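This report was prepared for a reader who wishes to examine the internal spaces of a protein model alongside one of its helices. Please keep the sequence and the structure in view while reading.

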Amino acid sequence: MSRKHPIVAVTGSSGAGTSTVKNAFEHIFRREHINPVIIEGDSFHRYNRVEMKQAMKEAAAQGNNHFSHFGPEANLFDKLEEMFKTYGETGGGKKRYYIHNEEEADSHNGRLGTSLKAGEFTPWEDIPDSTDLMFYEGLHGLVTDGDVNAAQHVDLGIGVVPIVNLEWIQKIFRDNAERGYTAEAIVDTMLRRMPDYVHYITPQFSKTDINFQRVPTVDTSNPFIARDIPTPDESMVVIRFRDPQKFGVDFPYLLNMLHDSFMSRRNTIVVPGGKMGLAMEVILAPIISGMLEKQR
């Protein structure tokens, strides 16, 4: 960990809703005039889109039907840890971007003078000087695998972990609406990823400092026939702090600020789903301010 160059990692599975936390952090960064370096977890995949399809075919031909973006074979865990370590020690390092769509391709090509396409990576480039902190958002912010231990370099780890049926519903709707995948193809993907989900995604949530877990208050027993995603007002958010004293969490203040919230355990507060964004900002803003005060 580094007081001088702090690292914040938001981690969650595909479809978990990490973008909600990212939005909360963007508000905090803007209000507090913080200059972060943003790291996208997709940029540490091992293969581009075409290469990944080929790698999956080769793995299946060898009897491996569980090759996925969740596991070590398809990712550069060592480079991720190296970047965290270098940034924590020096404030520098190397980063790149995974290009998701044509709009991003146009933006990066204009910036770099390249002719890259969606599904490809930009070249590795230096992290800008004089950033206040590193903000990672992706699948593996606190991953450990053999000699790799990215979690040890993270100053604030946040997990976004809706209960699994809700996570699946969100993924089914997102992949269908944004990527045009059929329900059957999405289910096949979830089944293929399951071993890596169990071994590399879930264990991270025991290392996080704070977990935000959305729990629906409507029936999600069969996520594969759900007609819509439960709304924020149809859910509660369970917020667990691994060590409340580490960041000086003031539970009476949070209970007063977040109407209809309550404590379910000595380190856990439950808030209405519609107040999830507010809860994130109320909780995280003072923590980030404290980290930067120590930096100064």
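The account below takes up the cavities, then a pocket, and then one helix.

**Cavities**

The model discussed here is predicted. A search of the whole structure yields two cavities of 30 Å³ or more. The largest cavity has a volume of about 90 Å³. Its lining is formed by Ser 13, Ser 14, Phe 70, Glu 167, Trp 168, Lys 171, Met 190, Arg 193, Met 194 and Tyr 197. Two elements each give two or more residues to this lining, namely helix H5 (164-179) and helix H6 (183-201). Of the contributing elements, H6 gives the most, with four residues.

The second largest cavity has a volume of about 40 Å³. The residues lining the second largest cavity are Gly 41, Phe 44, Asn 75, Leu 76, Phe 77, Leu 80, Tyr 136 and His 140.

**A pocket**

The second largest pocket holds about 230 Å³ of space. It is lined by 12 residues, of which Arg 3, Phe 247, Gly 290, Met 291 and Lys 294 are the closest to its centre.

The table sets out the volume and the lining classes of these spaces.

| Space | Volume | Nonpolar residues | Polar residues | Charged residues |
|---|---|---|---|---|
| Largest cavity | about 90 Å³ | five | two | three |
| Second largest cavity | about 40 Å³ | five | three | no charged |
| Second largest pocket | about 230 Å³ | five | three | four |

The lining of the second largest cavity thus has no charged residues, whereas the lining of the largest cavity has three and that of the second largest pocket has four.

**Helix H3**

Helix H3 comprises 14 residues, 77-90. From its first C-alpha to its last, H3 reaches 20 Å, which is close to the 20 Å expected at 1.5 Å a residue. The buried residues of H3 are Phe 77, Leu 80, Glu 81, Met 83, Phe 84, Tyr 87 and Gly 88. Viewed down the axis of H3, these buried residues fall within an arc of 155°, and they therefore line one face of the helix. Glu 89 and Thr 90 lie on the other side of H3 and are exposed. Just after the helix, Gly 91 adopts a positive phi of about 80°.

Helix H3 also bears on the cavities described above. Phe 77 and Leu 80 are among its buried residues, and both Phe 77 and Leu 80 appear in the lining of the second largest cavity.

Technical notes. Residues are numbered from 1 along each chain as its sequence is written. This is a predicted model: local features need pLDDT of at least 70, side-chain atom pairs count only at pLDDT 80 or more; totals for chains, interfaces and linings use all residues. Side-chain values use heavy atoms; hydrogens and water are left out. On a 1 Å grid over the protein atoms alone, a cavity is a set of points where a 1.4 Å probe fits but cannot get out, and a pocket is an open set with protein on both sides within 12 Å along at least five of seven lines; lining residues have an atom within 4 Å of a point. Grid points are joined across faces, edges and corners, and a volume is the space filled by probe spheres set on the points. Ala, Val, Leu, Ile, Met, Phe, Trp, Tyr, Cys and Pro count as nonpolar, Asp, Glu, Lys and Arg as charged, and the others, Gly among them, as polar. The expected span of a helix is 1.5 Å times one less than its number of residues. Buried means under 20% relative accessible area, exposed over 50%, partly exposed in between (1.4 Å probe, protein chains only). The arc is that of the directions from the helix axis to the C-beta atoms.
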